[in-house]
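Colleague: I've just opened my first model and I'm not sure how to read it. Could you walk me through a few features?

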Amino acid sequence: SEQLALRTKDLPAVSTDEYRIRLNGNMEFPEEIPSLLAHGAEGIGLYRTEFMFLERKTVPTEEEHYRAYKQVLESMGGRPVTIRTLDLGGDKVPGKTKHEREPNPAMGLRAIRYCLANRELFRAQLRALLRASAHGNLRIMVPLISGVSELREARSELEACRTALSRAGVRIGNRIQVGIMVETPSAALIADRLAQEADFFSVGTNDLIQYTMAIDRQNRDVAYLYKPLHLAVLRSLQNIVGAAKAAGIPVSMCGEMAGDPIYALVLLALGFDELSMTAGQVPMVKNILRRSSRAEALELLNTAMELTTAEEIERHIRTEMERRF
Ligand code: PEP
Ligand code: MG
């Protein structure tokens, strides 16, 4: 993978019939950027900011948020940087003891729900993001959106912060995109409506599959049901991409599915504009995309979606991918 990275680092991820997909990196800490760039990531598709909260007792200040985001935006030198607002709550709660935790954390107060319930904490991050936006190409991404109201609420909080900062004379970037993670079945089903108000979509398959299949992603007893190629997941992805295209907004995927080479042709066929993954996966996924055509990918997907069970679809995709690569 390191050698492949060296050879393909500056080549675009483009199919033989000229379908271009942008490959971005997922990150948790600013220190990961050199490795992302070395592997050929063209931007950051997912910066999981909640990692700043974990393994510490106090909540980060606005200034700490700001310094981290500014450093990341500057080191990316104008490339797009998608910073996700805090995905805290559920099993990632700062300073909560075990017995205070929710009985069903995956379905509890997490991500945007947690931020809307803890406004001071949310505002500190939004203010830091707005201040940092002057230093690069920032996209703000809101996790676990379940309906349009949550997106409106998040946007109105962001606008309030923007107004206050502008009044105080703070310089703010002028074209910050505000997008959402599509990772709940409700968001996938109303993707057409969400696409009217979001600047971009990024599909979080880790959660989308968990909620679609009704399987706790931490529970090993049901892990065998975790199937990215389940027909329900594929149909869901088709609906999300279709809605984004119809509204003319870019659609990305940043869940683990995006970085697994076995799914590369399926994602090419579905029509994703961008894929975001761990740095180490970028060269392999790029290599597969550069050696394939979208036409053959579409044929593969169409045949796969005629099948019924996740096992049948998986077997078909695996056989075809092994035959090719
Ligand atoms: C996802 O759900 O696919 C995702 C990228 O977010 P996380 O894994 O951080 O929940
Ligand atoms: Mg998620």
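Modeller: Sure! Keep in mind that this is a predicted model. Let's begin with one residue: Arg48 sits in strand S2, which spans residues 44–48.

Colleague: Is Arg48 buried, exposed or something in between?

Modeller: You count the C-beta atoms around it: 20 or more within 10 Å makes a residue buried, 12 or fewer makes it exposed, and anything in between is partly exposed. Arg48 has 18 C-beta neighbours inside 10 Å, so it counts as partly exposed.

Colleague: And which residues is Arg48 in contact with, if I skip its neighbours within four places in sequence?

Modeller: Those would be Glu28, Arg84 and Asp87. Arg48 and Arg84 also turn up together in the UniProt record: its unreviewed entry lists them under "binding site", along with Asn206, Asp207 and Arg217.

Colleague: Let's try Asn206, then. Where does Asn206 lie?

Modeller: In helix H9, residues 205–213. With 15 other C-beta atoms within 10 Å, Asn206 is partly exposed. Leaving out residues up to four places away in sequence, Asn206 touches Arg217, Gly255 and Glu256.

Colleague: There's a ligand too. Which residues surround ligand 1?

Modeller: To read a shell like that, list the residues, then see which elements they come from. Around ligand 1 you'll find Leu46, Arg48, Asp87, Glu183, Gly204, Thr205, Asn206, Asp207, Cys254 and Gly255. S2 and H9 are the elements that each give two or more residues to that shell. H9 gives the most, with three.

Colleague: Now the strands. In what order do the eight strands close into a barrel?

Modeller: Follow the pairing from strand to strand until you're back where you began. Here the order is S1-S2-S3-S4-S5-S6-S7-S8, with parallel pairing. From one strand to the next, the twist averages 25 degrees.

Colleague: Can we zoom in on one pair? How many bridges join S6 to S7?

Modeller: Three, between S6 (residues 201–203) and S7 (residues 251–253), and the two run parallel. In that pair, Phe201 stands opposite Val251 of S7.

Colleague: Last one: which residues of helix H13 are buried?

Modeller: In H13, residues 294–304, the buried ones are Ala297, Leu300, Leu301 and Ala304. Now look down the axis of H13: these buried residues fall within an arc of 95 degrees, so they line one face of the helix.

Colleague: And what do the buried residues of H13 pack against?

Modeller: Two helices: H11 (264–270) and H14 (310–324).

Definitions and conventions:
Residues numbered from 1 in each chain as written. Chains lettered and ligands numbered in written order. Predicted model: local features only at pLDDT ≥ 70, side-chain atom pairs only at ≥ 80, totals over all residues. Helix = DSSP H or I, 4+ residues; strand = E, 2+ residues; numbered from the N terminus. Arc of directions from axis to C-beta. Contact = placed C-beta atoms within 7 Å. UniProt positions renumbered as here; feature names shortened; annotations may be inferred. Pairing = 2+ DSSP bridges. Axes fitted to C-alpha atoms, helices over the stretch in contact; angles between N-to-C directions. Near = placed C-beta within 6 Å.
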